[in-house]
Amino acid sequence: MSELTPYRINGDTYFFTLALPEWSAGETMHPIRALCLELVKIKQMHPFNLDALVILPKYVQGILTLPDQGGDLALLWRQIKAEFIKLAGGYDDLQGDDEDDLDRKRFFGYPLRGDRDFALHMNFLHYNPVNQGLVKGVSDWPYSTFFQYVQQGVYPLSWRMESA
């Protein structure tokens, strides 16, 4: 397992998944790009650290940490969901009978418990493109924070997860 503890910041940390709508090549902006731009805006209003992110064809997974002095996770999550729904606007597959139905279909998150849990989820997240059969090696997938951690010396470029 990679030694990730020195790269953690203090605060409550959460693993999340956002299921993505289908995208048509004729659209002016890919929903993923739009979502990333909105995350930047949301961070300015509700500070958090985006520890890791991987963008896959059908979903985005990430790890975020709230500030040590305590951020409002419910408010932050509502803002992220609201922006995501706004960006997905006309996508019928996002529609549910109620907000809980939409949450079950598109949003999932839970707290991470300690350094070991953080490291396991960080490894899982970065290795997921390989698990999904999208690439042969983690370094073949450009849509993740893996390369930032390679530059910091956390992972070697040729890193493989021992048990995926």
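1. Tyr155 counts as buried in this predicted model, because its relative accessibility is 2%, and the cut-off for buried is under 20% relative accessible area. Tyr155 also takes part in a ring pair with Phe146, in which the centres are 5.3 Å apart and the planes stand at 40°, so the pair is described as tilted.

2. Phe146 is likewise worth following, since its relative accessible area is 0% and Phe146 is therefore buried. A further ring pair joins Phe146 to Phe147, with centres 5.6 Å apart and planes at 75°, so this pair is edge-to-face. Phe147, however, has a relative accessibility of 29% and so counts as partly exposed, which a student may wish to compare with the value of 0% for Phe146.

3. These pairs belong to a wider picture, for a search of the whole structure finds nine aromatic pairs. Ring pairs link Tyr127, Phe146, Phe147, Tyr149, Tyr155 and Trp159 into a cluster.

4. Which residues of the largest nonpolar core touch the most other members? The core has 20 residues, and those that touch the most other members are Ile63, Met122, Leu125, Tyr127, Val138, Tyr155 and Trp159. Two or more residues are given to this core by each of the elements β2 (49–55), α4 (114–131) and α5 (146–151), and it is α4 that supplies the largest share, namely five residues. Apart from this core there is a second, separate one of 16 residues, and among its members are Phe16, Leu35, Leu39 and Leu66. As general background, nonpolar side chains in soluble globular proteins tend to be buried together.

5. A contact of another kind involves Lys43, which lies over the face of Phe48 at 5.6 Å from the ring centre.

6. Is Glu162, in the segment after α5, buried or exposed? With a relative accessible area of 67%, Glu162 is exposed, because the cut-off for that word is over 50%. Glu162 can also be placed relative to Asn123, since the two residues are 39 apart in sequence, while their C-alpha to C-alpha distance in space is 9.9 Å.

Terms used: Residues are numbered from 1 along each chain as its sequence is written. This is a predicted model: local features need pLDDT of at least 70, side-chain atom pairs count only at pLDDT 80 or more; totals for chains, interfaces and linings use all residues. Side-chain values use heavy atoms; hydrogens and water are left out. A nonpolar core is a set of buried Ala, Val, Leu, Ile, Met, Phe, Trp, Tyr and Cys residues joined through side-chain atoms within 4.5 Å. Buried means under 20% relative accessible area, exposed over 50%, partly exposed in between (1.4 Å probe, protein chains only). Helices (H or I, at least four residues) and strands (E, at least two) are DSSP runs, numbered from the N terminus. Rings of Phe, Tyr and Trp (its six-membered ring) pair if their centres lie within 6.5 Å; planes under 30 degrees apart count as stacked, over 60 as edge-to-face and the rest as tilted. A charge sits over a ring if NZ of Lys or CZ of Arg is within 6 Å of the ring centre and within 35 degrees of the ring normal.
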